[in-house]
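Here are some notes for a colleague who is new to this entry. They take up a sheet and a ligand site, in that order.

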Amino acid sequence: MNLSSLQAQYSAKRTKSASFFKEADSVIAGGVNGNLRFFQPFPMTFQKAYGAWLVDLDGNHYVDYLLSYGSLLLGHGHSVVRQALEQVWEDQGTSSFGATHPLELEMSKEIKELYPGFERLRFTNSGLEATLFALRLALAFTGKTHIAKFEGHYHGSHDHVLVSVNPELNQAGSPETPQAVPESYGIPDYYLQHTIILPFNDWPACERILTSMKERIGAVILEPMQAGYIAADPRFVVNLRDLTEKLGMVLIFDEVKTGFRVSLGGAQAFYGVQPDLTALGKVVGGGFPIGVVGGKQEILDMCSPGRSPKREEVVFHSGTFNGNPVSLAAGLATIRYLKQPGKFESIVNRTNELRKGIESLAQSFEVPIRTIGAGTIFNVLAIEGDVSNYRDLSRNRKDWRLALDYLLMDNGVYSKPLNRFSMSDAHGPKEIQATLEAFEKSFAAFKATVHV
Ligand SMILES: Cc1ncc(COP(=O)(O)O)c(C=O)c1O
């Protein structure tokens, strides 16, 4: 395989994106507003989106499977979201009160119907803020000093959890006792020392680590499906629930990706297991910035301003745009639309149809590609055997997937190289057919260029 020739082909078709990126790079650090947005030789620049489609600066059209990192479960510019935005302008006349307003209560009740464990909740502006706040609540509630997170799990870009997300295996310790590896330059040592790393889906190892540090660990945070697509073993989730309860640790499900996507009630409904706290984000904002922390009243109430006149006895949480009417109106419209009978199921059915189509094409071309996922998210991997945690992913032929990504972009399908695929309500039969045709052409070219 020659990755550089695939990249040269990518560049040749995107000359406007190339020169735009050069100019952006002279003003915006690295040319991107988020490191995950960069890929070689330069990320394309988009000028427009509609439904399930993206259009780049050079006029190339793509079926979009990035969907703003999974947040657009209704696709781009859905009519119910547009109407809700117009209505909120009309009714409330502002994008932000910075104060309480009725939509906050309406949205809270709607979320609580799907997430019955939310005895109380708070809105934030992002998933990052939601996990940060959930962890602060948990440490205040337990009075302990350390948190535990799983190797390979992402919880947003704050210091306490920007640890062992994609560690180099030669720095990461043994599979049963993973070591904390910084994911970024500039993480203070404090966080590496106070973040304990657990191996996902390895119950004996988790039980041993958690039990041995029970005095210090106040919170266990996880993506119940790693990176949104690698499922926890159901027994593992139940064991974790039982043990954290027994050891006095707050169990936090980070459902920023899986919320509303694995099922409308998230992975907690899928597994029938209720964490103490949950972080939501992405879909719940209907395409606008949002995060939610919900869960047990006794924990959430730690942030109630009326709890104590002493500042040091109240968990601080604030944010200028928390619960702003625009994000709530868009999110509310999205949730209500998805709650209509059969709506969510039909997106799941189309996801399964697409996955089946990709897998049968892979088989007919004898290309070692498969899909892994649940609900409306999946990933496309070049891997054989069981995939149950970060270490297993080292068997994935990333170079093959990357080659496939350039070919798919060439044929009008975009997920961003090496990223998951998220589906939306806007991905109908036409988009599925266009995607499968793109996979067919890409597999044929893959076969011809990659020595499998
Ligand atoms: C599981 C998970 N948690 C937290 C976050 C952070 O959310 P945000 O990007 O809104 O800060 C993400 C973002 O991808 C995520 O996937």
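1. Start with Phe46. Its bridge partner is Asp56, which belongs to strand 2. Keep in mind that the model is predicted.

2. Phe46 opens the way to the pairing of two strands. Strand 1 covers residues 46-50, and strand 2 covers residues 53-56. The two run antiparallel, and four bridges join them. Strands of a sheet pair through backbone hydrogen bonds, in either a parallel or an antiparallel manner.

3. Now the whole sheet. It is open and has four strands, in the order 1-2-3-17. The pairing is mixed. Why is one side of strand 1 and of strand 17 left without a neighbour in the sheet? Both stand at the edges, and each has a single partner strand, so one side stays unpaired. Strand 17 spans residues 413-414.

4. Next, the ligand. The residues that surround it include Ser126, Gly127 and Leu128. Tyr154, His155 and Gly156 are also among them. So are Glu223, Asp254, Val256, Lys257 and Lys282. By class, the shell divides into three nonpolar, four polar and four charged residues.

5. Which backbones approach the ligand's oxygen atoms at 2.9 Å? Gly127 has a backbone N or O atom 2.9 Å from a ligand oxygen. Leu128 likewise has a backbone N or O atom 2.9 Å from an oxygen atom of the ligand. For Tyr154, a polar backbone atom is 3.5 Å from a ligand nitrogen.

6. Last, coverage. On its own the ligand has 390 Å² of accessible area, and the protein covers 81% of that.

Key:
Residues are numbered from 1 along each chain as its sequence is written. This is a predicted model: local features need pLDDT of at least 70, side-chain atom pairs count only at pLDDT 80 or more; totals for chains, interfaces and linings use all residues. Side-chain values use heavy atoms; hydrogens and water are left out. A residue is near a molecule or strand if one of its heavy atoms lies within 4 Å of it. A polar contact is a pair of N or O atoms within 3.5 Å; within protein, one must be able to donate a hydrogen and the other to accept it, and residues adjacent in sequence count only if both atoms are side-chain atoms. Accessible areas come from the Shrake-Rupley method with a 1.4 Å probe; for residues, only the protein chains shown count as cover. Ala, Val, Leu, Ile, Met, Phe, Trp, Tyr, Cys and Pro count as nonpolar, Asp, Glu, Lys and Arg as charged, and the others, Gly among them, as polar. Two strands pair if DSSP finds at least two bridges between them.
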